[in-house]
Amino acid sequence: MRISRRILATAATAAVLLPLSACGSGSGDSSSSDSSGKVQGDISFQTWNLRANFKSYFEGLIADFEKKYPGTHVKWIDQPAEGYADKISADAAAGTLPDVVNVSPDLAAPLAKAGLALDLDKDKAAAKYQNEYLPGAWASSRMPGLEGTYAFPWYLNTGPLFYNKALFKEAGLNPDQPPRTYTELFQDGLRIAQKTHGKVATLANVPTIEDFGRYGVELMNKQGTAFAFNDAKGVELLTKYKQLFDAKALDPQALTATPESSGQKFLTGAVAMNPGSALDLHNFKTQAPTLYKNIGITDQITNTGHVNMYVMGLLVNSRSKEKPAAVAFAHFITDAQNQMSFAKKVAIFPSTAGSLEDPYFTKEDGTDETRVRVAAAKSLKTAVNYTPVLFSDQMKTALRNEVAKALQGKQSPKAALDNAVKACDQLLQQG
C-alpha cells in the first residue's frame, strides 16, 4: 500500500468478516503455544501493496533473513490495496492464509477470533520480544473479549494539521495561533465562514470515529461488547459539526469527500485546514507554491491531549507448519534495525522502544520536512489508536450515513448517533 497518513487512515478502518468455517481451516496445530523449535523450512510472507515502491528493500531483507537462518526460504506475496480485506477473508476460509501477514489491528481481530492468529503473549518464542516495542504499539493488537496480543507491531504513523495562514489572516485571526481544541476550531471555523461569506470552509470532512475519540467521547463500553459514542459528549460534537455545516464552515461536499478530494480543496484555497504528513509538503511546493509560502503546521485537534496514530503489524498464522520460522521472520522484519531502515525510506515511524529517540526523529535541520517528522515522532510517544479494533468498514459506513442525515437536517444529532450505535452493535454481534 502507499504509505501516507491518509492511506493509513483508510487502511486502519478497513474490515474483514471471516466465515465461521474459518475456525476450522488452516494447515497446522493452533493449540501449540511454543514456537521455540529450529528456524527452518519454507514460509510465505504477505504485504499490502508494497512491491511497487519497495521491491529491492524487501528482497534484501528476505535475503538477509535466509542468510541468517540457513535452510529457510521466504516466498513474498504482495497483494493490491483494492480488495485486500476480501483476499484475507478468502484465504482464511480456504485454509491458505500465508504464514506471516501484513495487517492493521482491525484486520487481525476476526483472524484472532477464528483462532488463526498466534497469541504472541502465550507463545514462548514470541513473548520474549515484547519489551523491544513501545507498550502502546504492542497493545494495539489486543482484542476486546480475548486475552493476548495477535500481531507484532510494525510501522506507525501520525500527522499534523496543515492550515492556510493567509486565510486565517484575512478572517482577522492570528495566523500564528491556530486552534488546538475543538472549541477553538469551531469558533475559528465560524469566523472564517462569516468573513468570506461562506466561500471558504475550514474543514472538508465529516467527523469520523477518530474525531469522537479525540473529542473525548467514550467509544465503547469497558467490556468491548457495545458502542457508546451516542452519549451526551458525542451528541455535542455532532451538533457542533451541524452548526459548521449550516454556516458553510464545513465544505458542502464533505458528505461525499475522499482524502484526495479534501486535499485538492486545501490546495486550491477552498478549505483552510486539512490533515496530512511530511509527504504532502512536496506537493504543496510543486503544485501550490503560493499556499506553500503561507503554510502553517500544527498538531492534530484534540481535547484529550493525545493525537491519533495508525498502526500496521505482522500477524503469524497460528496454523503455520513452520511457526518457529514464521515468528523469527515477523520479529526480524520488525526489529529496531530494520524498522529504522524502513523509516528512512518513507515517512513512517518505528514501533520499537527507543527508536524515536534517534537523532533522525529528534533533531531539526531548519526544513519543514524535519519539523513535521520531529513533531510527529514526539506526539507518537503518547499517541492513541482511537479507532476501536472491532470497528469494521461496515460500521464506518453506518456512522457516516447517519452523520450525513444529521448534517442535512433529516434527523437530530441524537437520533443519528442512536441509529449508528444500534447498527454498529448489530454488526458487532454478527461478527
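**Helix 2 and helix 15**

I looked up how helix 2 and helix 15 lie in this predicted model. The axes of helix 2 (residues 51–68) and helix 15 (residues 336–343) cross at roughly 170° and come within 12 Å. Angles over 145 degrees count as roughly antiparallel, and I therefore enter helix 2 and helix 15 as roughly antiparallel to each other. For the contacts, I noted that Phe54, Tyr57, Phe58 and Leu61 in helix 2 meet Asn338, Ser341 and Phe342 in helix 15. On the spacing of such residues, I keep one reminder: an α-helix has 3.6 residues a turn, so residues three or four places apart point the same way.

**Nonpolar cores**

Which residues touch the most other members of the largest nonpolar core? I found Phe58, Phe152 and Phe229, in a core of 123 residues. Helix 14 gives the most to this core, with eight residues. Another core lies apart from it and has 10 residues, among them Phe284, Ala288, Leu291 and Val372.

I then listed the contacts of phenylalanine 229, leaving aside neighbours within four places in sequence. Phenylalanine 229 is in contact with residues including Ile209, Phe212, Val217, Glu218, Leu219 and Gly234. Further along the sequence, its contacts include Phe391, Leu399, Leu417, Ala420, Val421 and Cys424.

**Helix 14 and helix 17**

I checked the span of helix 14 (residues 323–334): its 12 residues reach 16 Å from first C-alpha to last, close to the 16 Å expected at 1.5 Å a residue. Is helix 14 largely enclosed or largely open? I count 12 of its 12 residues as buried, so helix 14 is largely enclosed by the rest of the structure. The buried residues include Lys323, His331 and Thr334 as well as Phe329 and Phe332.

I did the same for helix 17 (residues 368–380). Its 13 residues should span 18 Å at 1.5 Å a residue, and its end C-alpha atoms are 18 Å apart, which agrees. In helix 17 I noted Thr370, Arg373 and Ser379 among the buried residues, along with Val372 and Leu380.

**Sheet 6-5-7**

I traced an open sheet of three strands in the order 6-5-7, with antiparallel pairing. Strand 6 (273–275) and strand 7 (295–298) stand at the edges with a single partner strand each, so one side of each has no neighbour in the sheet. From one strand to the next the twist averages 25°. Strand 5 (residues 161–164) pairs with strand 7 over four bridges, and the bridge partner of tyrosine 163 is glycine 296 in strand 7. Helix 11 (residues 259–267) packs on the sheet and touches strand 5, strand 6 and strand 7. The direction of helix 11 makes about 140° with that of strand 6.

**Strand 3**

Strand 3 (residues 100–103) has Val100 and Asn102 pointing one way and Val101 and Val103 the other, and all are buried. Strand 1 (residues 41–48) pairs with strand 3 in the parallel sense over two bridges, with valine 100 as the bridge partner of phenylalanine 45. Strand 8 (residues 310–316) pairs with strand 3 in the antiparallel sense over four bridges. There, asparagine 102 stands opposite leucine 314 of strand 8.

**Arginine 191**

I located arginine 191 in helix 8 (residues 182–195). Its relative accessible area is 31%, and I entered arginine 191 as partly exposed. Not counting residues up to four places away in sequence, arginine 191 touches Ala171, Gly172 and Leu173. I also looked up its distance to serine 35: the two are 156 residues apart in sequence and 60 Å apart in space, C-alpha to C-alpha.

Technical notes
Residues numbered from 1 in each chain as written. Predicted model: local features only at pLDDT ≥ 70, side-chain atom pairs only at ≥ 80, totals over all residues. Heavy atoms only, no water. Expected span 1.5 Å × (residues − 1). Buried < 20%, exposed > 50% of the residue type's maximum accessible area, 1.4 Å probe, protein only. Core = buried A, V, L, I, M, F, W, Y, C linked by side-chain atoms within 4.5 Å. Contact = heavy atoms within 4.5 Å. Pairing = 2+ DSSP bridges. Axes fitted to C-alpha atoms, helices over the stretch in contact; angles between N-to-C directions. Parallel < 35°, antiparallel > 145°, perpendicular 65-115°, else oblique.
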